Amino acid sequence: MTTESTAAEQAVTPGAKSSRTLAGQRRRNSAVRFWRQYRTHRAGVLGLAALTLFALIALTAPLTVGSDVQSVTDAPGRPMESPSAQFPLGTDQFGRNLLGLVVWGARVSLLVGLLAAVLSVAIGAVIGITAGHFRGWYATVLMRITDWFLVMPTLVLAIALATVMTRSLGTIILAIGVTTWPTTARLVRAQTLAVESRPYIERAKALGGGHWHIMSRHVLPNVMPLVLAQTTLIISSAILAEATLAFLGLGDPTIVSWGGLLQDAREAGAVSAGKWWYLVPPGIAIAVVALAFTLCGRAVESVLNPKLGVTR
């Protein structure tokens, strides 16, 4: 028995290896085609270059500015100094280097935007796929809940959640993620209904494919391009939402973020005092990153769905 099973395994293994090799080759070819089409979108390439720059700045922040840039007790300058050779962007109300704070804040703002967008898209994808697959009363209930979230102001719901929960980074991510999923759910459900109307889905069901097999092997791969494009578009909204919540004083006061810097500037009276250097750098950083993600999202959407006709 052992010899027969070993011989059978040896007979099957080459076929399995060739199948995996073929699948890997297809993925590589698909990635090459995607990049070849993506780089024809000048705005998308510009957005990707900006995001790469900000990602490098965020990753290298501990080496370039150091973690002690957040320290209030060891601030190197006087409160709210104007830009100079020593402090290119001036100082904040505690005398800390604003350039270092903006660089360090990129870590938090990008992290919150990415995680909140992933949470939002994951919730929307699960609800959209299951509602499109099972239909009936289950889909009706889910879609009515989705409609309720759609008509409610997202920012108001996020503020309500951030108010009743502890002030932390996880709270901000959760508040943004659980309030921004309805659009994704509706788009994914529509795509799921279109996929499940195709003949090969009927053949899979006739051959005994269960619900999990249909959703994971047939529906999910077909909606993934939509999910990917939606993720890149939601990240910019999540970064803006994090900045808004932090500006309203609902973020973690112990963590430096771009929205938190704007809130500190408001509390310090930088607007009335004309201390523009306290407000402009974090505001520009938020706007540039949000615009870069939007440009990338539109380019990805155009590549994955050429019928949209997004301009280049």
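**Rings, cores and a buried threonine**

Arg266 lies over the face of Phe247, with 5.4 Å to the ring centre. This is a predicted model, and that arginine makes a good starting point for a walk through its side chains. A second charge over a ring can be found at Trp104: Arg107 sits over its face, 5.0 Å from the ring centre.

Let us stay with the aromatic residues for a moment. Searching the whole structure turns up eight aromatic pairs. One of them joins Trp137 and Tyr138, whose ring centres are 6.2 Å apart with 85° between the planes, an edge-to-face arrangement. Trp137 is exposed, at 68% relative accessible area, whereas Tyr138 counts as partly exposed because its relative accessibility is 30%, which falls between the limits of 20% and 50%. Trp276 and Trp277 also make an edge-to-face pair, since their planes stand at 80° and their centres are 5.9 Å apart; the cut-off for that label is an angle over 60 degrees. Here the two partners are an exposed Trp276, with 52% relative accessible area, and a buried Trp277, with 8%. Elsewhere, Phe34, Trp35 and Tyr38 come together in one aromatic cluster.

Tyr138 leads us on to Thr130, because these two residues touch, their heavy atoms coming within 4.5 Å. Thr130 belongs to helix α4, which spans residues 98-134. With 14% relative accessibility it counts as buried, the limit being under 20%. Its side chain reaches the backbone oxygen of Ile127 at 3.2 Å. Setting aside residues up to four places away in sequence, Thr130 touches Arg135, Leu142 and Met215 as well as Tyr138.

Now for the nonpolar interior. The largest nonpolar core comprises 49 residues, and Leu110, Trp258, Val289 and Phe293 have the most contacts inside it. Helix α4 is among the elements that give two or more residues to this core, together with α2 (42-59), α8 (182-196), α9 (199-206), α10 (211-247), α11 (258-267) and α13 (276-304). Phe293 is a nice residue to centre your view on: beyond its neighbours within four places in sequence, it is in contact with Leu51, Leu110, Thr232, Ile235, Ser236 and Ile239. A second core, separate from this one, has 13 residues, including Ala158, Ile173, Ala238 and Leu245.

Technical notes:
Residues numbered from 1 in each chain as written. Predicted model: local features only at pLDDT ≥ 70, side-chain atom pairs only at ≥ 80, totals over all residues. Heavy atoms only, no water. Helix = DSSP H or I, 4+ residues; strand = E, 2+ residues; numbered from the N terminus. Buried < 20%, exposed > 50% of the residue type's maximum accessible area, 1.4 Å probe, protein only. Polar contact = N/O pair within 3.5 Å; in protein donor to acceptor, adjacent residues only side chain to side chain. Core = buried A, V, L, I, M, F, W, Y, C linked by side-chain atoms within 4.5 Å. Phe/Tyr/Trp six-rings, centres within 6.5 Å; stacked < 30°, edge-to-face > 60°. Lys NZ or Arg CZ within 6 Å of the ring centre and 35° of its normal.
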